[in-house]
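Please find below my comments on the model you sent round, arranged as numbered points. They go from the overall fold to individual side chains.

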Amino acid sequence: MDPITLGLLGLAILVALIVMRVPIAYAMILVGAGGTAIINGPAILLSQLKTLAYGQFSIYDLSVVPMFVLMGALATKTGLSRDMFRAANAWFGWMRGGTAMASIAACAGFGAVCGSSLATASTMGKVALPELERYNYSPALATGSVAAGGVLGILIPPSVILVIYAVIVEANIVTMFMAALVPGLIAVALFLLTIAIYVRLVPSAGPAQGVSDKAEFWAATRGVLPVLGIFGVVIGGIYAGFYNPTPAAAIGVFAVFVYGLFRGLMSREALRSSILETAGTTGMIYLILLGAELLKIFMSRAGVPQAAADMAVNSGLPPMMVMAILLIALIVLGCLMDSMSMILLVLPFFWPVLVEINGGLYQMADGSGFGLSTDELKVWFGILALVVVELGLITPPVGMNVFVISALAKNVPMGTTFRGVFPFFLSELVRVALLLGFPALTLWLPRVLGG
């Protein structure tokens, strides 16, 4: 059997294992190790395994992952989500649909100190859903807005998946964080616009709750200052060049911990459960990384990524069409697997294709390439891929955010929640089109701040 055929067979086996609900990390390890052993022999595989895990996990940039995960875990215990929602509700609640808008704004704020979509959806759901029910919001808008707002946690810095992507493609983490800010703000604006249009078409879906009195408004606003302070110290310090992401994440963990002590919410049990949650999540991420590396080695030796790149170049399709096809493939995959696994699974195949069709630096005169350097292509595609991955969190049949919200809103059928997120899905498609058509929306801030 020639290597290409073996690689394609390995992909078919990988898909079969995923369909059989084998955890993605184990599926990639089995296929990657088995394929490498067939191509190069068991002795070479064992020789690689001797140092592969250490070489993969000892990368300094990866040390930021457990720090950001721990910061998010601590943030869920310290009342930050409640403060964010209370402030956002004071700002938006007087409008029709304002409490749903407050959920979106609070999710964005909490995502800025959490970095996880599922944690954002779960934590904000516990705070926002009772309030949305109390003000007689329609079940579809209530659950849909919180599920959709949760996806903001994956893009607004700090983001664990952005860190993983940057490590895999050897991009600068700080540059990725800079590039994510504007697309994240666009998402917030489009979600708020979506709610405004929704309640204009269906006024009974989101009634206004009335204007907060001055004392309540300013008390709520003061409550959000710690969140802004933590975000400013962590992300602002990174943007300003005061420190790299790893020390910034450590500072963030310390700041959230001190805030929890100040609020009297950081008990020994809360700290213990946060550390255990961090250990479990980080272990899962690292195991998936190991599986992805084994799969990448196998596929590279089988020649599958290069064959895919040659096929794309010889197809005669315009580069933007190729990019659109890859993004559509990501949307489909997002309906079947979680975001982290999807990014790690497709990168070894998609990235060589994009590099090949980019045709070198700044080539556009002959119609080839994207007119971007390889470094800028890394940033642009990374943000596009992450935005598309977000769609998988609110699309059936997986839709992890929808499952999380359904577990919290037991009286709302899951189908109702999926209907509720559909308008936000459409707004996400608009954002993808904007970022695809105007790369400067992604690259402007890194170009300005990065000099």
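The points below treat the overall fold, then the salt bridges, then one buried residue.

1. The model is predicted, and every value in this note should be read with that in mind. The secondary structure of the protein chain consists of 21 helices and 0 strands. Its radius of gyration is 22 Å, close to the 22 Å given by the globule rule for 451 residues, so the chain is as compact as a globular protein of that length. Along the principal axes, the C-alpha atoms occupy a box of roughly 75 × 50 × 50 Å.

2. On burial and contacts, 55% of the 451 residues in the protein chain are buried. Among contacts with a separation of 6 or more, 79% are between residues that lie 24 or more positions apart. The accessible surface of the chain is about 18,700 Å², and carbon and sulfur atoms account for 70% of that surface.

3. On charge, the protein chain carries 21 positive and 19 negative charges, and the mean positions of these two sets are 12 Å apart. How many salt bridges does a search of the whole structure find? The search returns 9, and three of the pairs are discussed in the points that follow.

4. In helix 7, which spans residues 117-134, Arg 134 and Glu 131 are placed 3 residues apart, about one turn of the helix. Their side chains form a salt bridge with an N to O distance of 2.8 Å. Arg 134 is exposed, its relative accessible area being 52%, whereas Glu 131 is partly exposed at 21%. Since the cut-offs are under 20% for buried and over 50% for exposed, I would quote the percentages 52% for Arg 134 and 21% for Glu 131 beside the class names.

5. A second pair with a spacing of 3 residues, about one turn of the helix, is found in helix 14 (residues 268-302), where the partners are Glu 293 and Lys 296. The closest N and O atoms of this salt bridge are 3.4 Å apart. Glu 293 counts as buried because its relative accessibility is 14%, and the cut-off for that class is under 20%. Lys 296, by contrast, is partly exposed, with a relative accessible area of 30%.

6. Is the salt bridge partner Glu 390 buried or exposed? Glu 390 is buried, with a relative accessible area of 1%, and Arg 431 is likewise buried at 1%. The two residues form a salt bridge in which the closest N and O atoms are 2.4 Å apart. This pair links distant parts of the chain, with Glu 390 in helix 18 (residues 374-392) and Arg 431 in helix 20 (residues 414-437), 41 residues apart. Through salt bridges that share partners, Glu 390, Glu 428 and Arg 431 are joined into one network.

7. Finally, Ala 147 sits in helix 8, which covers residues 139-150, and counts as buried because its relative accessibility is 0%. Which residues does Ala 147 touch, leaving aside those up to four places away in sequence? The contacts of Ala 147 are with Ile 394, Asn 401, Ile 405 and Val 421. The C-alpha atoms of Ala 147 and Gly 420 are separated by 8.9 Å, although these two residues are 273 residues apart along the chain.

Conventions:
Residues numbered from 1 in each chain as written. Predicted model: local features only at pLDDT ≥ 70, side-chain atom pairs only at ≥ 80, totals over all residues. Heavy atoms only, no water. Salt bridge = Lys/Arg side-chain N within 4 Å of Asp/Glu carboxyl O. Helix = DSSP H or I, 4+ residues; strand = E, 2+ residues; numbered from the N terminus. Buried < 20%, exposed > 50% of the residue type's maximum accessible area, 1.4 Å probe, protein only. Rg over C-alpha atoms; globule rule 2.2 N^0.38 Å. Contact = heavy atoms within 4.5 Å. Areas by Shrake-Rupley, 256 points an atom, 1.4 Å probe, with all protein chains shown as cover. Lys, Arg positive; Asp, Glu negative; His and termini not counted. Charge placed at Lys NZ, Arg CZ, Asp CG, Glu CD.
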